[in-house]
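Let's take a walk through this model, one spot at a time. Have the 3D view open and turn it as you read.

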Amino acid sequence: MKVNKYIETDKKFYIDLVKIALPVALQSLITTGVNMVDNIMLGQLGEIAMNGAYFANQFIMLFTFLCMGISMGSSVMTSRFYGAKDQVSLKKVISIALRFSFFLALLFTIINVLGGRGIMSLYTPEGRIVEAGTSYLYWSTSTYILMALSTVLTNIMRSIGMSIVPIVASAISFGINIFANYCFIFGKFGCPEMGVAGAALGTVIARIIETLVILLFFLYRNKVVKFRAKDLFTSTKDMVPEYIKIALPVLFSDGLLGVGENVLASIMGHISDEFVSANSITMVVSRASTIVITGIAFSGCFLTGKTLGEGRRKDAEKQGWTMLYIGVAVGLIAALIIEIVAHPIIESYKITEETKGIAYSLMNALALIIVFRSTNSILTKGVLRGGGDTRFLLVADMTSKWLLGIPLGYLAGIKMSLPMFWVFLFLHVDDIVKAIWSVCRMKSGKWIKKI
């Protein structure tokens, strides 16, 4: 077989890949930096505060997964319509996405207000952690609507080549979040000392500023789509069936992943408080290690959709295989970095020696998992999704997470009490399985769908 059949040799592809991936990676770096600083600040208050915020953020993360599902499902279509220069359809997809996300935000807001304590009780039986988590959720109530707008508009802007504005908004949010958290967690500069609640309040303040920057630019300075508030009320009946066919499976897929992550958090909460604390630290490193992966995956989704929109199927296939090789290489580099940074990061927390020991075990397991996670993320969230193969991805997410990761993690952690390295590995075995499945799907050629 010819090498150039499976490796893209056009320099423009790599230039475009970097142009799209770099802004996304930079924004992910900013977001991860905020999460890391928040976690370290809360770590100074002890493991109860850190665990309470961790569980509360797991529920908020479920909403984030759903918003990402809406926006990424929409971006599959917007990138295709952008490539085809279909301005009318582009606006309709954006309108549908914003309506869906706003309704979802209202639903989560109601659940948050009425059932905060009940939600926290699902994760852990420890009363003090439930109290801390409930306080965090209460102060985070307004974040859902803000997050719905910023997440959906950010990913849509990325899909049409407008990544700079979200970066600027995130950079501003980054500074505000850290300063506000420092003030309200520890009671500095005349602010009340609020502990866990202060972390939530600081995040909400930063989210308000970030959303305003994105929203104002998108509605009043956007020269690409020229979307205006009145377009929200445009009739989209002709687009809804196609949207449901392509975007809804992405919403269900990401939603099920979000629910699955929450179930995993609940399993961890019933293993031990030390495991939860160690996992909280590991997750910060995990998010940091996927910064470049996230950027490349989104870039792959955009380029695949655009290439297919231009009618270049063979080029899309070649680009897909190139993305696979890039995914493996990035995963190996990420694994090496995790092993290097594990010690200084773990030692920066005020935690018990038992928790530190568990954290080291989890870091070693993460270094192995990240190689497969990089491969499957770049293919599933990037190439295959850009090709419109969203229903296959829904099935892959359902079976790997719910039939393997959750049952095996439960057995390993609660029923068999295996060493924490193996518990963590089984909890995330879906990353390994999906990496293998996605490669097989690429080989079949069935991942390219018509839109």
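Start inside, with the residues I70, F100, Y243, A247, L248 and L251: together they line the second largest cavity. Keep in mind that you're looking at a predicted model. The cavity holds about 30 Å³ of space, and the structure has two cavities of 30 Å³ or more.

So who supplies the wall? Helix α8, which runs over residues 240–269, gives the largest share of this lining, with four residues. Sort the lining by class and you get six nonpolar residues, with no polar and no charged ones.

Now move along the chain to a pair of helices. Helix α13 covers residues 390–415 and helix α15 covers residues 429–444; their axes come within 9 Å and cross at roughly 150°. Angles over 145 degrees count as roughly antiparallel, and α13 and α15 are therefore roughly antiparallel to each other. As for the hand of the crossing between α13 and α15, it is right-handed.

Which residues make the contact between α13 and α15? On the α13 side, pick out F392, A396, D397, T399, S400, K401, L404, G405 and L408. Facing them from α15 are V429, D430, V433, K434, W437 and R441. By class, this contact of α13 with α15 is a mix: seven nonpolar, three polar and five charged residues. Set that beside the lining of the second largest cavity, where no polar and no charged residues turn up.

Terms used: Residues numbered from 1 in each chain as written. Predicted model: local features only at pLDDT ≥ 70, side-chain atom pairs only at ≥ 80, totals over all residues. Heavy atoms only, no water. Axes fitted to C-alpha atoms, helices over the stretch in contact; angles between N-to-C directions. Helix = DSSP H or I, 4+ residues; strand = E, 2+ residues; numbered from the N terminus. Parallel < 35°, antiparallel > 145°, perpendicular 65-115°, else oblique. Left-handed = near helix turned anticlockwise from the far one by under 90°. Contact = heavy atoms within 4.5 Å. Nonpolar A, V, L, I, M, F, W, Y, C, P; charged D, E, K, R; others polar. 1 Å grid on protein atoms, 1.4 Å probe; cavity = no way out; pocket = protein on both sides within 12 Å on 5 of 7 lines; lining within 4 Å. Points joined across faces, edges and corners; volume = space filled by probe spheres on them.
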